[in-house]
Amino acid sequence: MTRSHRRWHVVAWVVLAPLVLVVLVAALVARASVNSGLSGGERQRSAIPEGPR
Amino acid sequence: MSVGYTGVQWNRHKRVYDVVVAAAAALYIAGFFAITKLVWTGLEALSDEIVLIRATGSCAIILLHVILCIGPLARLDRRFLPLLYNRRHLGVMTFLVALAHAAAVTGFYHGFGVVNPLLALLTSNTNYGSLTAFPFQILGLMALLILFLMAATSHDFWLKNLSPGVWKRLHMLVYVAYALLIGHVALGALQNDRSPVGPVLTFIGAITVTSLHLVAGSKEARKDARGVPAVNDAPLSEEAWLDVGEPADIPTDRARTVCASDGERIAVFKHNGAITAVTNVCAHQGGPLGEGKVIDGCITCPWHGWQYRPTDGCSPPPFIEKIATHQVRIVAGRVQVNARALPPGTPTLPARIDEAAHA
């Protein structure tokens, strides 16, 4: 690889590595299924308003 | 290497590779189905469509992790170099599995209404300000478009037409696709998963990929920082000669790489009792020629096997590729290489080791 390509690789990962990890950690901390105690399907079902069927 | 456009140049090795990769992907999906059906039964049982969506999605993300680990591993340890050879085939396979995942998702979640499924996918959720209800499908779609672009241009025909530099930059978009996919998984599948297995595996995968790239990048940056100053103090644009070491320091049929102070690398080879030098950058995908060896009298790139004659940088007939060459000389028992690259394909005079010893 040329020096320019090597630099781009480094820049890309120096930017992306923290971004990926921050998004991952933030999403895991905010996990709806853990915080609400319901699974995705259960949350979906509980969100359906009760009423005449 | 090719002398013109032909369809994919299949050979036995590539066919075997593709069959093995396709079989492994099929086995993974079948295994995922079997285990899911065995573990989640009764009220917790999942429909076939959901299992297919999860199986293809997880298969695609695993394949992408493997692909992204190959590059830095090959930079850190030569034993991983053979994995680079057919990495593009693995990329196309990843796109196909991801496409199957996208088709299953779009059909299952958006295919039964009156609105166009793709339109429904793009407009049904607009909670962009929420982490837990984020429209993660958009991230997956953007990543899929990047993977498509890469799969469609993976052939050497596009590499040649776009030029290796542009092609390489285009294919570096895979890093953006990876970031999008981690967001897609973290804001999508993991939000609906109470088991710790998915989050832990995703976290380990992300840490592994990012660490490997940062470590490999740091190693390359350290090499670049060790630029060799000219022995005669001349500027690189003129007759600057760089010290390479003694002839015995260069392994037979292999190279020693020196880095000029402008950061570009030169591969200095020893073959048949003579020293020659070429650019370290292969004309194909910029592979590190200095990490290759001389096979059948030709410098052979460790990435995809492209070959060049040591004395003039030309590929052997019928191939027409050329790389830049450098002048070499032996002064007082030390090999020196001229930092100025000669035009690709320029013949150079090899420095004979025995003649230098008797001088």
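Student: Glu291(B) carries an acidic side chain; in this predicted model, is Glu291(B) buried or exposed?

Tutor: Burial is read from relative accessible area, and a residue under 20% counts as buried. Glu291(B) has a value of 15%, so this residue is buried.

Student: Which residue does the side chain of Glu291(B) meet in a salt bridge?

Tutor: The partner is Arg75(B), with N and O 3.3 Å apart. The bridge joins distant parts of the chain, since Glu291(B) belongs to the loop between β4 (274-279) and β5 (293-295) of chain B, whereas Arg75(B) belongs to helix α2 (residues 48-76), and 216 residues separate the pair. Arg75(B) has a relative accessibility of 13% and therefore also counts as buried.

Student: How should the salt bridge between Arg79(B) and Asp77(B) be read, and what is its N to O distance?

Tutor: The distance between the two side chains, N to O, is 2.7 Å. The general approach is to read the accessibility of each partner beside the distance. Arg79(B), with a relative accessible area of 70%, is exposed, while Asp77(B), at 21%, is partly exposed. The value for Asp77(B) is to be read against the cut-off, because buried means under 20%.

Student: Which residue forms a salt bridge with Arg256(B)?

Tutor: Asp249(B) does, and the closest N and O atoms of the two residues are 3.6 Å apart. Both partners fall in the middle class: Arg256(B) is partly exposed at 33%, and Asp249(B) is partly exposed at 38%.

Student: Which residues are joined into one network by salt bridges that share partners?

Tutor: The network consists of Arg75(B), Glu220(B), Arg265(B) and Glu291(B). The buried pair discussed at the outset, Glu291(B) and Arg75(B), thus belongs to this network. Over all chains, the structure holds eleven salt bridges.

Student: How many salt bridges are there between chain A and chain B?

Tutor: The count is zero. An interface is read through several quantities together: contacts, buried area, polar pairs and composition. Here 32 residues of chain A contact 40 residues of chain B. The two chains bury about 3200 Å² between them, with 68% of that area on carbon and sulfur atoms. On the side of chain A, Met1(A), Arg6(A) and Trp13(A) lose the most area to chain B, together accounting for 23% of what that side buries.

Student: How many residue pairs between chain A and chain B are in polar contact, and which elements of chain A give two or more residues to the side that touches chain B?

Tutor: Six residue pairs are in polar contact, counting pairs with both residues at pLDDT 80 or more. The contributing elements of chain A are α1 (3-29), α2 (32-36) and α3 (40-46). The largest share, 20 residues, comes from α1(A). By residue class, the side of chain A that touches chain B divides into 19 nonpolar, eight polar and five charged residues.

Student: How is the length of a helix such as α5 (residues 136-152) of chain B checked, and what span should its 17 residues have?

Tutor: The expected span is 1.5 Å times one less than the number of residues. For the 17 residues of α5(B) this gives 24 Å, and the end C-alpha atoms lie 25 Å apart, so the two values agree. The same check on the 24 residues of α3(B) gives an expected 34 Å, with the end C-alpha atoms also 34 Å apart.

Student: What covers the buried residues of these two helices?

Tutor: The buried residues of α5(B) include Ile138(B), Leu139(B), Leu144(B) and Met150(B). Their cover includes α2, α3 (87-110), α4 (117-123), α7 (164-171) and α8 (174-187) of chain B. In α3(B), the buried residues include Leu90(B), Met93(B), Phe95(B) and three histidines, His89(B), His101(B) and His110(B). The cover of α3(B) includes α1 (12-39), α2, α4, α5 and α8 of chain B.

Student: Which backbone features deserve attention?

Tutor: Most residues other than glycine have a negative phi, and most peptide bonds are trans. Asn272(B) has a positive phi of about 55 degrees; this residue lies in the loop between β3 (265-271) and β4 of chain B and is exposed at 60%. Ala332(B) has a positive phi near 50 degrees, lies in the loop between β9 (328-331) and β10 (334-338) of chain B, and is exposed at 78%. The peptide bond from Pro317(B) to Pro318(B) is cis, with omega near 10 degrees, and Pro318(B) lies in the loop between β7 (307-308) and β8 (325-326) of chain B.

Methods:
Residues numbered from 1 in each chain as written. Chains lettered and ligands numbered in written order. Heavy atoms only, no water. Contact = heavy atoms within 4.5 Å. Buried area = accessible area lost by both parts, 1.4 Å probe. Salt bridge = Lys/Arg side-chain N within 4 Å of Asp/Glu carboxyl O. Polar contact = N/O pair within 3.5 Å; in protein donor to acceptor, adjacent residues only side chain to side chain. Helix = DSSP H or I, 4+ residues; strand = E, 2+ residues; numbered from the N terminus. Nonpolar A, V, L, I, M, F, W, Y, C, P; charged D, E, K, R; others polar. Buried < 20%, exposed > 50% of the residue type's maximum accessible area, 1.4 Å probe, protein only.
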